[in-house]
Amino acid sequence: MTPMPSTTSTTSAAPAGRYAPSPSGDLHLGNLRTALLAWLFARGTGRRFVLRVDDLDRVRPGAEERQLADLRAVGLDWDGPVTHQSDRLDHYAAAVDRLTSAGLTYECFCTRKEIQQAVTAPHGPLGAYPGTCRDLSPAERAQRRAAGRPAALRLRSARTEFEIIDRLHGRYRGPVDDLVLRRGDGIPAYNLTVVVDDAEQGVDQVVRGDDLLPSTPRQAYLATLLGLPVPEYAHVPLVLNTEGTRLAKRDGAVTLADRLARGETVDRVVGRLAASLGLAGHSAAELLPGFDPARLPRDPWVLDPDSLVVAGRCP
């Protein structure tokens, strides 16, 4: 499949790294650690650092303001104004229109339950969408619409795998399926928005948690179809709780506000995060001179929020 020539305007400013939180609640220490790493990667390579808020879903009043305050408190700064995905719906619609005009999309009327119960597509990756609606006839589509079934829009993929190169993981080949571009409720899907946003903001370096590594080949493949550049990736280890699962706010005193309420200082919290990365310092600026991505730990940081000490490595 030949990539479409890009008609998406990209920024003429210097290349950038970014952090893109969802304002669904306060940032926990794992979020702050990843944000700190994204900033260090960007500033350490002379890139701009941009902040983008993924506010298309799960928005809680006041969460964005608290998140920005916490990022500033640990010493992060960013270039230009904060952007919001809710202001960019026309950009996502334009990308979908280009894919549709090229015959690369189709309507999907499947419910989540139906997808979970369906058999994986032949020769597709485990758990891939089985293509139930891929070849529906116009009459079959009309019948489903008449029955009141909302239609998501999926990519008509010609690949089942795609390879990326990650700064920490090296070559990584992962699954590609007919991913959702626009949900049944009309909201653009994450895999589309992140590709469009990164390209238009000049983001050529994406640093994020390694739980997102498996979905990255889908995004890179979609970028090539849209004629957009594929960023340099660095998927960094997560912070886990003592049970070995990803840290969450339900794990206890894991936000900056929680730690301050317990009598800790911002400097001490940053120092703990730095130590977990093999760095020494109590602010983002102090960590920058000694930052070397090659020396970052490859294992997750497992901690007990009650004592904020390393509890061991994840098996």
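Is phenylalanine 291 buried or exposed? In this model, which I should say at once is a predicted one, phenylalanine 291 is buried, with a relative accessible area of 13%, and its ring partner, phenylalanine 41, is also buried, at 1%.

Let me stay with the aromatic rings for a moment, since a search of the whole structure finds two aromatic pairs. In the pair formed by phenylalanine 41 and phenylalanine 291, the ring centres lie 5.3 Å apart and the planes stand at 70°, so the pair is edge-to-face. This pair links distant parts of the chain, with phenylalanine 41 in helix H1 and phenylalanine 291 in the loop between helix H10 and strand S12, 250 residues apart.

The other pair joins phenylalanine 162 and tyrosine 221, whose centres are 5.8 Å apart with planes at 50°, so that pair is tilted. Phenylalanine 162 belongs to strand S6 and tyrosine 221 to helix H7, 59 residues apart; phenylalanine 162 is buried at 14% relative accessibility, and tyrosine 221 is buried at 3%.

Tyrosine 221 also brings us to serine 157, which is in the loop between strands S5 and S6 and is buried at 10% relative accessibility. Beyond its neighbours within four places in sequence, serine 157 is in contact with Arg134, Val176, Asp177, Asp178 and Tyr221.

Finally, the helices: the axes of H3 and H6 come within 10 Å and cross at roughly 105°, which makes H3 roughly perpendicular to H6. Here His91, Tyr92, Ala95 and Val96 of H3 meet Leu192, Thr193, Val196, Asp197 and Glu200 of H6, and the residues of this contact divide into five nonpolar, two polar and two charged.

Terms used
Residues are numbered from 1 along each chain as its sequence is written. This is a predicted model: local features need pLDDT of at least 70, side-chain atom pairs count only at pLDDT 80 or more; totals for chains, interfaces and linings use all residues. Side-chain values use heavy atoms; hydrogens and water are left out. Helices (H or I, at least four residues) and strands (E, at least two) are DSSP runs, numbered from the N terminus. Buried means under 20% relative accessible area, exposed over 50%, partly exposed in between (1.4 Å probe, protein chains only). Contact means heavy atoms within 4.5 Å. Axes are lines fitted to C-alpha atoms, for helices over the stretch in contact, and angles run from 0 to 180 degrees between N-to-C directions. Angles under 35 degrees count as roughly parallel, over 145 as roughly antiparallel, 65 to 115 as roughly perpendicular and the rest as oblique. Ala, Val, Leu, Ile, Met, Phe, Trp, Tyr, Cys and Pro count as nonpolar, Asp, Glu, Lys and Arg as charged, and the others, Gly among them, as polar. Rings of Phe, Tyr and Trp (its six-membered ring) pair if their centres lie within 6.5 Å; planes under 30 degrees apart count as stacked, over 60 as edge-to-face and the rest as tilted.
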